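Hello,

Here is the structure I promised to pass on to you. Have a look at it first, and then read on for what I found in it.

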Amino acid sequence: MAAATTHSNGTFTPQARDPDFYAGATRFELELEFVQALSNPLYIHHLATQKHLEDPDFVRYLAYLQYFREDKYIRYLQYPAPTLRALALLQQPQFRQDAITPALIDQLVREGFEAATKGLSQ
């Protein structure tokens, strides 16, 4: 186990590189799970209602996640098209501001459903 700090009150703080700090997951695995969650418009709406999309640090983190567009990472995405679309939209300040609007989220849900079911026989 990596080094950790035990405080005088008995609490334990693992170091950033300690696998237990991330519940056994790597940073990449956590980022992959998060970036895929962005393909869900309802999650984007949740982030907007919690004011995360207004936080400059969070916006920088979204910009950092653009590395998932690279070929060596895109192959890990289960749903690359909606995930990358969400990443692109979240780079736009107007979209981040409008993401709190239920009508926009409903439109994104409809578009996603239509794209997912396009060509299916009835």
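Helix α5 has Thr83, Leu84, Ala86, Leu87 and Leu89 as its buried residues. The elements that cover them include α1, α2, α3 (56–64), α4 (71–74), α6 and α7. Please keep in mind that this is a predicted model.

That helix also matters for the core. The largest nonpolar core holds 24 residues, and Val35, Leu38, Leu53, Leu62, Leu65 and Phe68 are those with the most contacts inside it. Two or more residues each come from α1, α2, α3, α5 and α7, and α5 gives the largest share, with 4 residues. For one of the core residues I can list the partners: Leu65 is in contact with Glu31, Phe34, Val35 and Leu87, leaving out residues up to four places away in sequence. Leu87 appears again here, as one of the buried residues of α5.

Now the overall picture. The chain has 7 helices and 2 strands, in the order β-β-α-α-α-α-α-α-α along the sequence. Of its 122 residues, 26% are buried. Among the contacts with a separation of 6 or more, 54% are between residues 24 or more positions apart. The chain exposes about 8,400 Å², and 55% of that is supplied by carbon and sulfur atoms.

Next, helix α7, which runs over residues 102–117. How far apart should the ends of its 16 residues be, at 1.5 Å a residue? The expected span is 22 Å, and the end C-alpha atoms are indeed 22 Å apart, so the two agree. The buried residues of this helix are Leu104, Ile105 and Leu108. Seen down the axis of α7, they fall within an arc of 100°, and therefore line one face of the helix. The general rule behind such a pattern is that an α-helix has 3.6 residues a turn, so residues three or four places apart point the same way. The cover over the buried residues of α7 includes α2 (41–49), α5 (80–89) and α6 (93–98). On the face turned away from the buried side you will find the exposed residues Ala103 and Phe113.

Two residues of α7 are worth picking out. Leu104, which lies in this helix, touches Phe95, Asp98 and Ala99 when neighbours within four places in sequence are left aside. Its C-alpha is 9.0 Å from that of Pro41, although 63 residues separate Leu104 and Pro41 in sequence. Ala115 is also in α7, and it counts as exposed because its relative accessibility is 58%, where the cut-off is over 50%. Between Ala115 and Pro82 there are 9.5 Å from C-alpha to C-alpha, with the two 33 residues apart in sequence.

Helix α1 (residues 27–37) has two polar residues you may like to look at. Glu31 is found in this helix. Is Glu31 buried or exposed? Its relative accessible area is 4%, so it is buried. The side chain of Glu31 makes a polar contact of 2.8 Å with the side chain of Arg27. Beyond its neighbours within four places in sequence, Glu31 is in contact with Tyr61, Tyr64, Leu65, Tyr67 and Phe68. Two of these, Leu65 and Phe68, are among the residues with the most contacts inside the core.

The other one is Gln36, also in α1. With a relative accessible area of 18%, Gln36 is buried too, since the limit is under 20%. Not counting residues up to four places away in sequence, Gln36 touches Tyr76, Leu77, Gln78, Tyr79 and Thr83. Thr83 takes us back to α5, where it is one of the buried residues.

Finally, a word on the backbone. Most residues other than glycine have a negative phi. Lys51 is not a glycine, yet it has a positive phi of about 70°. Lys51 sits in the loop between α2 and α3, and at 46% relative accessible area it is partly exposed. Just after α7, Gly119 takes a positive phi as well, of about 90°.

I hope this helps you find your way around. Do write back with any questions.

Best wishes

Note on methods: Residues are numbered from 1 along each chain as its sequence is written. This is a predicted model: local features need pLDDT of at least 70, side-chain atom pairs count only at pLDDT 80 or more; totals for chains, interfaces and linings use all residues. Side-chain values use heavy atoms; hydrogens and water are left out. The expected span of a helix is 1.5 Å times one less than its number of residues. Buried means under 20% relative accessible area, exposed over 50%, partly exposed in between (1.4 Å probe, protein chains only). The arc is that of the directions from the helix axis to the C-beta atoms. Contact means heavy atoms within 4.5 Å. A polar contact is a pair of N or O atoms within 3.5 Å; within protein, one must be able to donate a hydrogen and the other to accept it, and residues adjacent in sequence count only if both atoms are side-chain atoms. A nonpolar core is a set of buried Ala, Val, Leu, Ile, Met, Phe, Trp, Tyr and Cys residues joined through side-chain atoms within 4.5 Å. Accessible areas come from the Shrake-Rupley method with a 1.4 Å probe; for residues, only the protein chains shown count as cover.
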